[in-house]
Each structure stands twice: as C-alpha cells, then as structure tokens.
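Visitor: I'd like to learn how to read a fold from its coordinates. Could you walk me through this one?

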Amino acid sequence: MTPELDEKLCKKYPKLFAQRNKRMQETYMCWGFECGDGWFKLIDTLSHFLSLKKVRIEAVQVKEKFGMLRFYCFGGNDYTDELIHMFEQMSAHICETCGGWSKLRHVGWTYNMCDKCWNQFKDNKKSIPKILMEKLKKREQVCSLRDDL
Ligand SMILES: [Zn+2]
C-alpha cells in the first residue's frame, strides 16, 4: 500500500494500528499494510467497525495471502474475530489493485484482479505489475534484514 494511504489508516485508527511504528523484532506491522491500494476502503471499513467495540485490539500483521486479505490481531473477542473473517472473505471479490469487483485467478501465483486490471496485466506480460513488484521488493528487504539479525 502506498505510504499516503498507510499513514491515513494509522492516523484514523491510532489504537488499532498502535504497533505500526514498533521495531521489526516486536511486530510484523513494521512492514505496513502488505497489500495493494485497492483494499484501502475495505481495511478502512473493517477498522471503523473494530474501533467501535470497547475491546482492546491491535493489528499485528495486515497482508495479502493467496489473493485474500489477512488481518492478524492481538486481543479482540469472538465478535471481532467474526468481523475480520467476514472482511477477509469479502476481499476475494475486490480487486487488490483498483478496488473493483474481481475474482481470484490461479496462474502459478494467485492474482486478485478485476477484468480490467487482468487484461492490462495480460497485455503487458513482460512487465511485472506494480503491486507484485512492491511485494517482491518488500520480501527481499525482509529477507536481507532477517539475515542481518
Ligand atoms: Zn482492478
């Protein structure tokens, strides 16, 4: 997710994303929201509902896995667990790139793209989509930092 949208979420929900600026030894949230901008509204809405609850809950990792949102938390209760599960399921139908209606496409890697983003991707096979490029860069960064530990 772009730094601007990342910052927006952290400012709007400071308690939920309190771990965002903690060190990598303490939390995976140090990597920010490891997904595309297309899920900003989805995460914003989920965060809104989670924040309404008078229960301590902190996100420890927010990322894409197998084309779907994963929202891991510390704390919460049965209600927040169900809410998160519902939004994770909904993410399968929302394009991670643009936020449009999408479907999961299993082609070696699982892509979560709408028809428009998918066609753009297919037409330009040689270039890796920006969203994947960001993920690969982040993974390289994580690996090199882990080696340093
Ligand atoms: Zn799209």
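Visitor: Let's start with one residue. Where is the place of L46?

Guide: Keep in mind that we're looking at a predicted model. L46 sits in helix α2, which covers residues 40-52.

Visitor: And why does L46 count as buried?

Guide: The idea is to count C-beta atoms around a residue, with 20 or more inside 10 Å as the mark for buried. L46 has 25 such neighbours, so it passes that cut-off.

Visitor: Which residues is L46 in contact with, leaving aside neighbours within four places in sequence?

Guide: That list holds F71, L83, I84 and F87. Take F87: along the chain it is 41 residues from L46, yet their C-alpha atoms are separated by 6.8 Å.

Visitor: What share of the contacts in the whole chain is that long in sequence, say 24 or more positions apart?

Guide: Counting contacts with a separation of 6 or more, 55% join residues at least 24 positions apart. As for burial, 25% of the 149 residues in the protein chain are buried.

Visitor: Now the core. What is the general idea there?

Guide: In soluble globular proteins, nonpolar side chains tend to be buried together.

Visitor: Which residues touch the most other members of the largest nonpolar core here?

Guide: Those are L42, I43, L46, L69 and F71, out of 26 residues in that core. At least two core residues come from each of α1 (3-12), α2, β2, β3, α3 (78-91) and β5 (109-113). Helix α2 gives the largest share, four residues.

Visitor: L69 is on that list too. What does L69 touch, not counting residues up to four places away in sequence?

Guide: Its partners are C35, W39, L42, E64, F87, E88 and S91. F87 turns up again, as it is also a contact of L46.

Visitor: On to strands. What is the order of the open sheet?

Guide: For a sheet, read off the strand order and then the pairing. Here three strands are arranged β1-β2-β3, and the pairing is mixed. β1 (33-34) and β3 (68-75) are at the edges with a single partner strand each, so each has one side without a neighbour in the sheet.

Visitor: How many bridges join β1 to β2?

Guide: Two, and β1 runs parallel to β2, which is residues 57-65. In one bridge, F33 is partnered with V62 of β2.

Visitor: Zooming out, how many helices and strands are in the protein chain?

Guide: Five helices and five strands. Reading from the N terminus, the elements go α-β-α-β-β-α-β-β-α-α.

How values were computed:
Residues numbered from 1 in each chain as written. Predicted model: local features only at pLDDT ≥ 70, side-chain atom pairs only at ≥ 80, totals over all residues. Buried ≥ 20, exposed ≤ 12 C-beta atoms within 10 Å, placed from the backbone. Contact = placed C-beta atoms within 7 Å. Pairing = 2+ DSSP bridges. Core = buried A, V, L, I, M, F, W, Y, C linked by C-beta atoms within 7 Å.
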